[in-house]
Amino acid sequence: MLRAKGHDVVEAPMLVLQPKLPERFDLEGVAALAVTSKRVAGLLAGHSQLGELARLPVYAVGDKTAEAMTSTGFGDVRSAGGDVTQLGNLIAAGSPKGRVLYLAARERSGDLDVDLDECGIKCTTEVVYAMRQKDRLDDEALLALEQGAIDAVLIYSRRTGDALVSALMAVGRMDLFQNLRVIAISRQSAAMIPEAACVEIAPHPSEEALLEQALSGC
């Protein structure tokens, strides 16, 4: 969206994907899948059980995740359009006739399995990936910050925000936060950003809202 509107974008991922897919999933009694990241779609694309998995209904946390799962071959995909709490509500409303298999990250926010258990729905969490935190900022991004060439920094998660703070602290450049426009996807994700920064919170915890907030100040 940003490039399409003529903006230059410097990508500086602070987390590195580490797949942890099992060779085989235990699908006995599974009535539906729950997914909270579009990364899961890419990981499942080459899995030996993709055909079996794709026949199950999928409850996705948001539209981007739902689109990714549909593109991977899943036919019945439902989007909660928000966060883990809304996802739990969507699953509860659907009343799956069996257990829900939650394909999750090792580090994650919310307790979907606990929320569903309180609704009388059995949920099994299967860790399919982890995100390793990088200890340094990419040279291109650091140089752009030092030169004042960055108009805004987008923070997609609490761990991303924490990693950025740690990386700048490690090179003694916390001063770069001074008056820096930082746009976070949620208040939680901005928790570690210094007060010297100009922090804005997306009105809704989604990538679409985050990008719209970024464009609102242009």
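Is C119 buried, exposed or partly exposed? C119 is partly exposed, at a relative accessible area of 48%. Here buried means under 20% relative accessible area, exposed means over 50%, and partly exposed lies in between (1.4 Å probe, protein chains only).

The structure is a predicted model, in which local features need pLDDT of at least 70, side-chain atom pairs count only at pLDDT 80 or more, and totals for chains, interfaces and linings use all residues. Residues are numbered from 1 along each chain as its sequence is written, and side-chain values use heavy atoms, with hydrogens and water left out.

The cysteines were examined for disulfides, a disulfide being a pair of cysteine sulfur atoms within 2.5 Å. The count comes to 0 disulfides. For C119, the nearest cysteine sulfur is that of C123, 11 Å away. C198 is partly exposed, with a relative accessible area of 37%.

Secondary structure was assigned from DSSP runs, with helices (H or I) of at least four residues and strands (E) of at least two, numbered from the N terminus. Two strands pair if DSSP finds at least two bridges between them. Strands of a sheet pair through backbone hydrogen bonds, either parallel or antiparallel.

One open sheet has 6 strands in the order β1-β6-β5-β2-β3-β4, with mixed pairing. Strands β1 and β4 (77–79) stand at its edges. Each has a single partner strand, so one side of each is left without a neighbour in the sheet. The twist averages 25° from one strand to the next. Angles run from 0 to 180 degrees between N-to-C directions, and axes are lines fitted to C-alpha atoms, for helices over the stretch in contact.

Two helices pack on this sheet. Helix α4 (residues 84–94) touches β2 (30–35), β3 (58–60), β4 and β5. The direction of α4 makes about 150° with that of β3. Helix α7 (residues 158–170) touches β1 and β6, and its direction makes about 20° with that of β6. Contact means heavy atoms within 4.5 Å. S166 is found in α7. This serine counts as partly exposed, at 38% relative accessibility. The C-alpha atoms of S166 and E28 are separated by 43 Å, the two residues being 138 residues apart along the chain.

Both pairing senses occur around β6. Strand β1 (residues 15–19) pairs with β6 (residues 123–133) in the antiparallel sense over 5 bridges. P19 has Y129 as its bridge partner in β6. Strand β5 (residues 99–105) runs parallel to β6, joined by 6 bridges. The bridge partner of L101 in β6 is T124.

Y102 lies in strand β5. Y102 is buried, with a relative accessible area of 2%. Outside its neighbours within four places in sequence, Y102 is in contact with A34, T36, R108, L112, C123, T124, T125 and E126. The C-alpha atoms of Y102 and A32 are 8.6 Å from each other, although these residues are 70 residues apart along the chain.

Helix α3 (residues 63–71) has T65, A66, A68 and M69 as its buried residues. Seen down the axis of α3, these residues fall within an arc of 160°, so they line one face of the helix. The arc is that of the directions from the helix axis to the C-beta atoms. Their cover includes β2, α1 (39–44), β3 and β4. G73, just after α3, takes a positive phi of about 120°.

A second open sheet has 3 strands in the order β7-β8-β9, with parallel pairing. β7 and β9 stand at the edges, each with a single partner strand, so one side of each is left without a neighbour in the sheet. Here the twist averages 25° from one strand to the next. β7 and β8 pair in the parallel sense over 3 bridges. I155 has A184 as its bridge partner in β8.

Helix α8 packs on this sheet, touching β7, β8 and β9, and its direction makes about 155° with that of β8. The buried residues of α8 (residues 207–216) are A209, L210, L211, Q213, A214 and L215. What covers them includes β7 (153–155), β8 (181–184) and β9 (198–201).
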